[in-house]
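Let's take a walk through this structure together. Have the sequence and the 3D view open as you read.

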Amino acid sequence: MSTDSTADDGDARERLIDLAAQFYDQFEHGDVPTMSIPTRTKSNIVFDDEKGVWVYGDRNSTRSAKTVSGAQKLLKAIYTIDFLAQQLEENRSSTLRELYYLSESFEQQEAQFNSQDESNQLIEDLEIVSDVRREEFHMRPEESGATVMGPLKIREQTRRGEREIHCQEDVGEGGYQIPNDPDTIEFLENDADFVLCVETGGMRDRLVENGFDEEYNAIIVHLKGQPARATRRLTKRLHDELGLPVTVFTDGDPWSYRIYGSVAYGSIKSAHLSEYLATPEAQYIGIQPEDIVEYDLPTDPLGDSDINALESELEDPRFQTDYWNEQIELQLDIGKKAEQQSLASRGLDFVTDTYLPDRLDAMGII
Amino acid sequence: MTSFQSTLAEGEGIAEELAESQRSISIAEFFEKNRQMLGFDSGARGLVTAVKEGVDNALDASEEAGILPDIYVEIQEAGDYYRLIIEDNGPGITKEQIPKIFGKLLYGSRFHKREQNRGQQGIGISAAVLYSQLTSGKPAKITSRTQRGTDAKYFELTIDTDSNEPEIEGEDTTSWDRPHGTRIELEMEGNMRARQQLHDYIKHTAVVNPHARIELREPSEHMKYERVTDQLPAETEEIRPHPHGVELGTLQKMLDATDSYSVSGFVQEEFTRVGGKTADSIIDNFRDRHFGREMAWNAPREHEDGDVAAAVEDAVANKGSEATSEFAGAVADAVDERELVAHHQLVEVVASFAETVGEKHDTTFGDTVQENAVEAAWTEITLERTADVYSLVDGATTDRKDDAHVQGLAERVAAKFENRDDDPRDRMTRTELEEYVDKSADDTEEYDDATFGEKARGKVVDALWDRMRTVPDEVPKISAIAEDRDMASELHDAMRATDIIAPPTGCLSPITDDLVLEGLKKEFDADFYSSTTRDASVHGGDPFIVEAGIAYGGDMEEGGKSEVMRFANRVPLVYQRGACAITDVVKDINWRNYKLDQPGGRGIPNGPAVIMVHVASTNVPFTSESKDAVANVPEIEDEIERAIRDSARDLKSYLKKRRSMEKRRRKQDKLATILPAMADKLEGVTGKGELNIDDTLARIMNNVLVEREYGEDSVQLTVENNDSTNAQLEVTDIVTEDPGEVDGANVVEMDGEWFVKWSPTVKAGEEATIEYAVNGEATFDIQVEGIEDEKLTVDA
């Protein structure tokens, strides 16, 4: 168990029941049951100076039984609370997807979920109002499959006992797979200089094949696209507990900047957990729009959705820095985007021999 | 003339008008040839038409006698024929009246009565009699008892098809169970294929005649429509025709028949809304058309060539120089003073000075002298026609017209006045003037390369015509006009052109909106009714009133189109729906605005609705002879539309409310499953006791909640108003034990039960309570009125 877990299992269950009791009391007083949660949109996140992360602002949305759809949401919430309370009592766990399918068995049709997005969102709602993390509800996401490769030795609490694993020596080329709750990991020893988070599998494999982790003492974390909570949590712990600088290496397009954003600043959807998941000190390596120009990389033109995304990032409070402003404006100007692997146009070793060393040097990491 | 039908409506028309041109054929032949026109084109239709004529006749007869109609219609199969029996409880008829009513085909008063009556609708029961006679060979059997008659009389009637005269064959005394009334029995060829139309006709008749009791028995069905009001339709007064409402043919007949000698007398005597002043306007308009107007020219100015005084002096001989000179001077001064002078005005001036100057100098300026003087003066006055015409043309055309072109046109028009050798008075009708201007404009275009469009020409004609003066000539006598179709037409035009106030509308008898509502309620079991009676309007010379009613929902059929019921003068129109202005208006209205389904936004709306429209007029314009469809007269269409929209607005607010209530009900139903499920789960999760969700539900629904709480030996009734408006309730709690005096409520004992009546007014967001003492044995039965069910939650 990690040190900053907000609640143990018993506590988590109690908080859920407390929440149910609130609804109970509302009914008993003849009031309309309501649940108020922060509005989870771009316009309602604020920078918390103290914690250095983006958290939700003051605006709240109310789920109220006043409307049929509100009442349905609350009914689903109450059914879910009931399910989670039972699960915790029996010390079992389930995946988000299982919860969605499980709702099909509710005899009350109104309580069934219409889509997995809906059940996922409800779990997030419950996390926020009960101040209990999903992991403590014993709710897992589907396996994200994100991995770590690098000079790090850890101890993991598995259901089959403790395992000690060195993330270079004890693993295959695929690396060490991050568990759903990385707080079950203990860092034993490491020989690392920095953490390198990589967006795509292809690039991650290239770095491993070229022995970049060994040569530069880098812990290579594969983000696998938009990183799962566990991946972000582990990254944060690597930074906070081992004092390692964190860098993020992605494609050069607006979607990839959001990947960096969620590692560094926290995502809009889970801003209530930013303090727990975000690594504000994480630095962006590239591909930067300026790299596209400098290395004359093979590119694709920006599509309409890319342009919209870039413009929306210009207004995203998380990207309000001179650096990002400059880069995004430049990209809009050149109208091009490039993938990480476009660096291969200069040879397979270019990325490990030239690009990364140059960038890391410039950033003062090596 | 809008249609041939109008003439039919105008007068007794059909027979005489047509037979006149077909003198050689018999009435039977005439009937055969005009079956369709008379509504007897098929056996199916013939039966419906005969019923229609008979029922209309019966209703009129009863109403005219101030009797609430009780009509019985029976159709029996009689071998190869059908036997039609129609009975009424009218005043009954005497032998002398029989031919007038049942006989002579298309018998009518001398002119069509300017009165709203059903008769205007059909061509009369006599056509049915003739149809029956022609198809079955049987006479019409008539039984009648007058109000004072001790016995009923029985007659058999046939029509001599050569002379169009009725003949009474059998005559007998008989017994009849009706105290008074008339029964007619006709046998005719026919079939019941038009059963639906027949039923519609009877049902619709019942709708618009809520004061009548109508019964129909036919071979396979029997239907009764009871009376719902004892109020007879207002009696209609007959009015004389309005000058704007007569057709030329009618006018000619009126001219033939009038006792008046002069036009003035004729128009004042025979028409409504015509007094002396209006008669003068009509006569002036008639003069303009019959005689034409005379151009008034500018008198010669000093710098101009014309010298009236000198010319007149020259023209007068042998009257003494002093007298001649004074005469000439006076004429010249008078002309000069008038500035504008027309020929007849000059004649007047000359005649008046001829007399005064003649008397003074004891001489006589005779006719010849006057004529010479007029001719001489007129020549001077008309020397400069072009200048006058120029200023008129210039004023009438735009500034952009080339001056030379204006001058060219003016010269040519002036020349037209000048070159009328046969008539030196510069007199012409407007038609002639138009021709001259047209010709002159054409020439100017051809030779001067100018352009004068239709509009410019029209303006020039207007300017010139305005300058011209109506002449004082004596108008022809009525006898002369009656003989001359052209003159009659001129008079007709003149009447149309004269501004005359609209005809009086007291001659109309609308059903009235209350009775339209009653009629709809009587025949349609609906959830909603509305009705409208518009104020009277006028089309042509005939006043009319449009009424509309809508019934919606209830037992009416959900799917398919709404029903449109059309009426003219209280008579249902069952055929030619597609050709009727009423149908057109209904189709053109965007019913989606009124919350009815209307595929494509046009056409008859869908849904369980009945839309009825009644047009009442002294002369309903029909599209055709069979009088099944109202013609598309814009004034009438506008009124139909307004009437329907009036009623439809009520429908809209009803449907809106109903839909919002439905939505509310759906919401409440949904919440009524969700909230208990929530409560159930919450009880399980928290392990706490049972929850009551009624208060929460009432609050969510903004409902008014009536709740009972039991104390020891007492109960409390509380009204909690969660709505945003005041709630005024009538709460009645029926208690099986004596609650004693209750503060704030009345208690009435009835058969061992106590009715606690409480009428609280509870403001938005507030509550009110009463309390009363009862022992534990008491049971309660509560009723709450004054609020829609959807907005009420009773938990007591």
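The notes below go through the chain contact, the sheets and a few local backbone details.

## Where the chains meet

Please keep in mind that this is a predicted model. A good place to begin is the contact between the chains, where 27 residues of chain A touch 25 residues of chain B. Putting the two chains together buries about 2300 Å², and carbon and sulfur atoms supply 73% of that area. On the chain A side, the residues that lose the most area to chain B are Tyr24(A), Phe27(A) and Lys66(A), which together make up 32% of what that side buries.

Polar links are present here too: six residue pairs are in polar contact between chain A and chain B, with both partners at pLDDT 80 or more. If you would like to see which elements of chain A are involved, look at helix 1 (9-28) and helix 2 (68-89), the elements that give two or more residues to the side touching chain B. Sorted by class, that side of chain A holds 16 nonpolar, five polar and six charged residues.

## Salt bridges

Over all chains, the structure holds 69 salt bridges. Between chain A and chain B the count is four. Side chains of opposite charge can pair when their charged atoms come close. One salt bridge to look up joins Asp82(A) and Lys681(B), at 3.1 Å from N to O. This pair crosses between chains, linking helix 2 of chain A, where Asp82(A) sits, to helix 24 (residues 634-686) of chain B, which carries Lys681(B).

## An eight-stranded sheet in chain B

Now turn to chain B, where eight strands make up an open sheet with mixed pairing, in the order 5-4-3-6-2-1-7-8. Its edge strands are strand 5 (165-174) and strand 8 (221-225) of chain B, each paired on one side only. From one strand to the next, the twist averages 15°.

Inside this sheet, strand 3 (residues 140-145) and strand 4 (residues 152-160) of chain B run antiparallel and are joined by five bridges. Here you can find Lys141(B) standing opposite Glu156(B) of strand 4. Helix 5 (residues 43-64) of chain B lies across strand 1 (70-78), strand 2 (81-88) and strand 6 (181-188) of chain B, and it runs at about 15° to strand 2.

## A four-stranded sheet in chain B

Chain B also has an open sheet of four strands, in the order 24-25-23-28, with antiparallel pairing. Which strands stand at its edges? They are strand 24 (746-750) and strand 28 (780-785) of chain B; each has a single partner strand, so one side of each is left without a neighbour in the sheet. The twist in this sheet averages 20° from one strand to the next.

The single partner of strand 28 can be followed in detail: strand 23 (residues 730-735) of chain B pairs with strand 28 of chain B in the antiparallel sense over six bridges. Along that pairing, Ile734(B) stands opposite Asp781(B) of strand 28.

## Backbone details in two loops

Two loops deserve a visit. In chain A, the peptide bond from Gly286(A) to Ile287(A) is cis, with omega near 5°. Ile287(A) belongs to the loop between strand 15 (283-286) and helix 10 (289-294) of chain A.

In chain B, Asp362(B) has phi near 55°, a positive value in a residue other than glycine. You will find Asp362(B) in the loop between helix 14 (343-360) and helix 15 (367-381) of chain B.

Terms used: Residues are numbered from 1 along each chain as its sequence is written. Chains are lettered from A and ligands numbered from 1 in the order in which they are written. This is a predicted model: local features need pLDDT of at least 70, side-chain atom pairs count only at pLDDT 80 or more; totals for chains, interfaces and linings use all residues. Side-chain values use heavy atoms; hydrogens and water are left out. Contact means heavy atoms within 4.5 Å. Buried area is the accessible area (1.4 Å probe) that two parts lose on being put together, summed over both. A salt bridge is a side-chain nitrogen of Lys or Arg within 4 Å of a carboxyl oxygen of Asp or Glu. A polar contact is a pair of N or O atoms within 3.5 Å; within protein, one must be able to donate a hydrogen and the other to accept it, and residues adjacent in sequence count only if both atoms are side-chain atoms. Ala, Val, Leu, Ile, Met, Phe, Trp, Tyr, Cys and Pro count as nonpolar, Asp, Glu, Lys and Arg as charged, and the others, Gly among them, as polar. Two strands pair if DSSP finds at least two bridges between them. Axes are lines fitted to C-alpha atoms, for helices over the stretch in contact, and angles run from 0 to 180 degrees between N-to-C directions.
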